[in-house]
Amino acid sequence: MPQYLLNIIQPTGQVPPPEVLEPVMRDVARLNEEMRAAGVWVFAAGLHQPDATTVVRPDGLVTDGPYAEGSEFIGGFDVIEAADLDEALVWTHKLTGVLGLPVELRPVATTF
């Protein structure tokens with residue numbers, strides 16, 4: 001079954017206070033359980049803010065910070081297995097509804 005990457009796009013800056021973040025994270029946990037029960041969930045993780053990034057270039061140069069500066073970053077992701085793009089879109093809509101943030105849906109390339 002094809003796999004899809006759901007990139008969660010969030011603004012840089014302060015993490016919301018616990019009273020805002022905790023209910024969202026509970027809803028995300030419930031959605032992850034729903035995805036597991038449906039057999040589509042593969043993996044999910046949150047990511048630190050861009051200032052925690054290290055970029056390693058082919059010439060060996062190592063720099064702090066994101067590859068490109070921006071006001072938004074990938075704050076987390078889910079990998080799901082879905083029969084097709086339409087099914088993946090259903091789950092993507094659910095995730096963006098729970099988070100209130102944009103989610104980029106991208107098919108995973110199975111071969112290079």
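Q: Is glutamate 104 buried, partly exposed or exposed?
A: This is a predicted model, and in it glutamate 104 counts as partly exposed, because its relative accessibility is 29% and the partly exposed class lies between the 20% and 50% cut-offs.

Q: And which side chain does glutamate 104 meet in a salt bridge?
A: The partner is arginine 106, whose side chain meets that of glutamate 104 with an N to O distance of 2.9 Å. Arginine 106 is itself partly exposed, with a relative accessible area of 44%.

Q: What stands opposite arginine 106?
A: Arginine 106 is in strand 6, and leucine 5 is the residue that stands opposite. That position belongs to the pairing of strand 1 with strand 6 (residues 103–107), which is antiparallel and runs over 5 bridges.

Q: Which other strand does strand 1 pair with, and over how many bridges?
A: Strand 1 (residues 3–11) is also joined to strand 5 (residues 72–81), in an antiparallel arrangement with 9 bridges. Within that pairing, glutamine 3 stands opposite glutamate 81 of strand 5.

Q: Back to salt bridges: how many are there in the whole structure?
A: A search of the whole structure gives 4 salt bridges. Besides the one between arginine 106 and glutamate 104, they include a contact between the side chains of glutamate 33 and arginine 36, at 2.9 Å from N to O, and another between glutamate 34 and lysine 94, at 2.5 Å from N to O.

Q: Why are glutamate 33 and arginine 36 about one helical turn apart?
A: Both are in helix 1 and they are 3 residues apart, so about one helical turn separates them. As for exposure, glutamate 33 counts as partly exposed at 47% relative accessibility, and arginine 36 counts as partly exposed at 39%.

Q: What about the glutamate 34 and lysine 94 pair, which parts does that tie together?
A: In the salt bridge between glutamate 34 and lysine 94, the first residue lies in helix 1 and the second in helix 2, so the pair ties together parts that are 60 residues apart in sequence. Glutamate 34 is partly exposed, with a relative accessible area of 34%, and lysine 94 is partly exposed as well, at 33%.

Q: Which residues does glutamate 34 touch, leaving out those up to four places away in sequence?
A: With those left out, glutamate 34 touches Trp91 and Lys94.

Q: How far is glutamate 34 from methionine 1?
A: Measuring from C-alpha to C-alpha in the model, glutamate 34 and methionine 1 are 18 Å apart in space, and along the sequence 33 residues apart.

Q: New topic: what volume does the largest pocket have, and which residues lie nearest its centre?
A: The volume of the largest pocket is about 580 Å³. Its lining consists of 27 residues, and those nearest the centre are Gln10, Leu21, Met25, Leu99 and Leu101.

Q: Which element gives the largest share of that lining?
A: Helix 1 does, with 6 residues of the lining of the largest pocket. At least two lining residues each come from strand 1, helix 1 (18–38), strand 2 (41–46), strand 5 and helix 2 (85–99).

Q: And how many of the lining residues are nonpolar, polar or charged?
A: By class, the lining of the largest pocket has 17 nonpolar residues, 9 polar ones and 1 that is charged.

Conventions. Residues are numbered from 1 along each chain as its sequence is written. This is a predicted model: local features need pLDDT of at least 70, side-chain atom pairs count only at pLDDT 80 or more; totals for chains, interfaces and linings use all residues. Side-chain values use heavy atoms; hydrogens and water are left out. Two strands pair if DSSP finds at least two bridges between them. Helices (H or I, at least four residues) and strands (E, at least two) are DSSP runs, numbered from the N terminus. On a 1 Å grid over the protein atoms alone, a cavity is a set of points where a 1.4 Å probe fits but cannot get out, and a pocket is an open set with protein on both sides within 12 Å along at least five of seven lines; lining residues have an atom within 4 Å of a point. Grid points are joined across faces, edges and corners, and a volume is the space filled by probe spheres set on the points. Ala, Val, Leu, Ile, Met, Phe, Trp, Tyr, Cys and Pro count as nonpolar, Asp, Glu, Lys and Arg as charged, and the others, Gly among them, as polar. Buried means under 20% relative accessible area, exposed over 50%, partly exposed in between (1.4 Å probe, protein chains only). Contact means heavy atoms within 4.5 Å.
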